[in-house]
Structures are given as C-alpha cells and as structure tokens.
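These are my notebook entries on a structure with more than one chain, written as I looked things up. I begin with how the chains meet and then turn to what lies inside them.

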Amino acid sequence: MVMAASETKFHVLAVDDTLIDRKLIEKLLKTSSYQVTAVDSGTKALEFLGLNNNDHHDVEVNLIITDYCMPGMTGYDLLRKIKESSSFKDIPVVTMSSDNIPSRINRCLEDGAEEFFLKPVQLSDVNKLRPHLMKRRTQTNVNKRKAMDEIVSPDRTRARYNELEVK
Amino acid sequence: MDLVQLQRQLVDYRTSLYHEGFLDEQFTQLQSLQDENNPDFVVEVVSLFFEDSERLLNELSKALEQQVIDFKRMDAQVHQLKGSSSSIGAHRVQKLCIVFRNYCEAQNVEGCLKCLQQVKHEYGIIKTKLESMFQLEQQILNAGGSIPV
C-alpha cells in the first residue's frame, strides 16, 4: 500500500512573551503556509501540548519555536521539558533570542534545539524550518509503513504490490 | 498636491529615513509581510511598538526616581525596549538601548539618566516620522492611488 504524503499544513507552536514578536512570528509562519498557534509562555505551551495532564490530547504539533528570554519558564527550560518528555521529545524545537550569546546558543543546540535564530527573525530563517519538518514527516511515514509490513504477511504484501498502479 | 507628487514625496521621505539611520532593513521586512490579507499589518505592529515604548519609558523614568534603584529590573525593561525597537527596525532607538543596558549593568545612575533622555528623544523623533509617513500613505490611498514599494 502506498502511503501518500499528508496534504495537511504543518502546525507550528510559537512561544513568545512579547506581543510584537508573537505577531511577527505568526505572520512569518503563516506567510510560509504553516498553521500557527501562538502562546505567551512556556507553561501555556505545555498546557497546549497536553503535557500537564494525562488526558489524551488531540492536538498535533509538528514544530515548536520559542523565545529564550521569558519570565518564569525560559525557552531553555521549555526545550528541556519537551526533550525529557516521552510523548514529545521527537518534536523539533527551535529557539530564538535577541541577544547574541554564544554560550547560550551552544547550550540550546547541544541540548536538543534544531536551530537557534537571532531576532528579529527573518523569512530566510523560517525557510530553514521546512527540512526539519519534512524529515520528521518522512520518518513517520517510513515507520508507519514498516509497522504495516510487519502486520501483513509477506505473501499478501507481494500480491498487494502486484495489484498496485504505481504512478 | 496631486497623486504622483504625493507618491514621490512618500518615496523620498521613506528613503531619507533609511539614509539617516532612523530605520533599518527590518522595517522593509515588515512591509514585505503586509498583503491583501493583512493590509494594516505595518501600522498594527508599529502601534504596538508605540504602546510598548511609552509604557517602558514611563517605567524607566519612575525607576530612576526611586531612592533605591532596581538596576536589574531596569535592565530587563531596556531589554524589552531593545527587542521591540529591533523588531520594527527602529535603528537609533535600538542602538541607544544597547548603551543603556551597559550603564544598567555598571549600575551607573548618571549614565542611565543620560541614556533615558536620549532614548526618549529618539523615540519621539521616530514616532513623529512614522506617523507622518502613515499620514502620507493614507493621503495617497484616499486619492485613489497605491502605495509605491
């Protein structure tokens, strides 16, 4: 069975305590055809993901982009919480900051951030997100296909492929 | 003034803002994000900048009037101001905020007071200039023209 690539838009969760920057990042992401949810704190981000409760969550987030300097939970704290969570550790996380502090940048990248953007974020930065999202989607599809192959017996699989019209 | 003259005036005015270092390429980025779906995007973001700045400048003034000055809190506020000015391309304000933060870190009251005055001054200028620019744009739209890129 051929797995078609999903046609749905990627869903990005943006986290920034500043209204201006939230508005900006949301516009940049929407211009790049992403579905966007913007929240103003790490706590709200975790709530949105459903990390704080044990209920099943329906929301699917494909990438999290977060400001570093935020009151309460910093972007780094949020990054760590995501990467330590069994349910969400595979969601790519990108951090951003208006301060160019190499030690900060390195720490985020070493602890699991895919990218670190310096603010103000540009469209060219947002363009760098797509490979991280495509890689995850392809990986997910490959995993699903492998899982399906394991369920179906080899003989039946062969018969199925013979019936297929490969376009 | 006819439409063509208005449009020319706008282009000249905008160009001068860049040449004189009031605005940087981030402002151009903002304009490029504006489209039919969001025709007021630039004005909305700049309005947020005005609100934010006025609030922060007030708080900074008050902070410097206190008996005991909370430099750490002031630094956080200047950081915010630096961030928002950088996000809209208000170049001179942003640059002054960097200097201001250095004075906060050094806990230099005189330096902070001087910087605050300078930031207020530059903020006043960029606010007036951007408002003038938006007014020109509105005049062009009212005359049935389109805003030149």
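**Entry: the interface.** I looked up the contact between the chains in this predicted model, and I found that chain A and chain B bury about 1500 Å² between them, with 62% of that area on carbon and sulfur atoms. On the side of chain A, the residues that lose the most area to chain B are Ile20(A), Lys23(A) and Lys27(A), which together make up 41% of what that side buries. Counting contacts instead of area, I noted that 16 residues of chain A are in contact with 18 residues of chain B. I wrote down as a reminder that the size of an interface is often given as the accessible area lost when the parts come together.

**Entry: charges over rings.** Lys27(A) came up again when I searched for charges over rings, since its charged end sits over the ring of Phe41(B), 5.7 Å from the centre of that ring. Within chain B I found Arg92(B), whose charged end sits over the ring of Phe22(B) at 3.9 Å from the ring centre.

**Entry: chain A.** How many helices and strands are there in chain A? I counted seven helices and five strands, and, reading from the N terminus, I wrote their order as β-α-β-α-β-α-β-α-β-α-α-α. Of the 167 residues of chain A, 43% count as buried. Among the contacts in chain A with a separation of 6 or more, 64% are between residues 24 or more positions apart.

**Entry: an annotated stretch of chain B.** I checked the UniProt record, an unreviewed entry, and it lists residues 38-143 of chain B as "domain: HPt". Over these residues I found the chain to be 87% helix and 0% strand, with the end C-alpha atoms 21 Å apart.

**Entry: aromatic pairs.** I found four aromatic pairs over all chains. One of them is formed by Phe49(B) and Tyr123(B), which meet edge-to-face at 5.9 Å centre to centre, with 65 degrees between the planes. This pair links distant parts of the chain, for Phe49(B) is in helix H3 (residues 41-65) of chain B and Tyr123(B) is in helix H6 (residues 109-142) of chain B, 74 residues apart. I then asked why Phe49(B) counts as buried. Its relative accessibility is 0%, and because the cut-off for buried is under 20%, Phe49(B) falls into that class; Tyr123(B), at 6%, counts as buried too. The rings of Phe50(B) and Tyr123(B) have their centres 6.2 Å apart and their planes at 80 degrees, so I recorded this pair as edge-to-face. Phe50(B) lies in helix H3 and Tyr123(B) in helix H6 of chain B, so the pair ties together parts 73 residues apart in sequence. Phe50(B) is buried, as is Tyr123(B), and I drew Phe49(B), Phe50(B) and Tyr123(B) as one aromatic cluster.

**Entry: nonpolar cores.** Which residues touch the most other members of the largest nonpolar core? Of its 62 residues, I listed Leu29(A), Ile65(A), Leu129(A), Met74(B), Phe100(B) and Leu130(B). H3(B) gives the most to this core, namely twelve residues. I followed Leu130(B) further and, leaving out residues up to four places away in sequence, I found that it touches Leu23(B), Phe27(B), Val46(B), Phe50(B) and Ile88(B). I also noted a second, separate core of 22 residues, which includes Leu13(A), Val15(A), Phe88(A) and Phe116(A).

Methods:
Residues are numbered from 1 along each chain as its sequence is written. Chains are lettered from A and ligands numbered from 1 in the order in which they are written. This is a predicted model: local features need pLDDT of at least 70, side-chain atom pairs count only at pLDDT 80 or more; totals for chains, interfaces and linings use all residues. Side-chain values use heavy atoms; hydrogens and water are left out. Rings of Phe, Tyr and Trp (its six-membered ring) pair if their centres lie within 6.5 Å; planes under 30 degrees apart count as stacked, over 60 as edge-to-face and the rest as tilted. Helices (H or I, at least four residues) and strands (E, at least two) are DSSP runs, numbered from the N terminus. Buried means under 20% relative accessible area, exposed over 50%, partly exposed in between (1.4 Å probe, protein chains only). A charge sits over a ring if NZ of Lys or CZ of Arg is within 6 Å of the ring centre and within 35 degrees of the ring normal. A nonpolar core is a set of buried Ala, Val, Leu, Ile, Met, Phe, Trp, Tyr and Cys residues joined through side-chain atoms within 4.5 Å. Contact means heavy atoms within 4.5 Å. UniProt positions are given in the numbering used here, feature names are shortened, and annotations may be inferred rather than shown by experiment. Buried area is the accessible area (1.4 Å probe) that two parts lose on being put together, summed over both.
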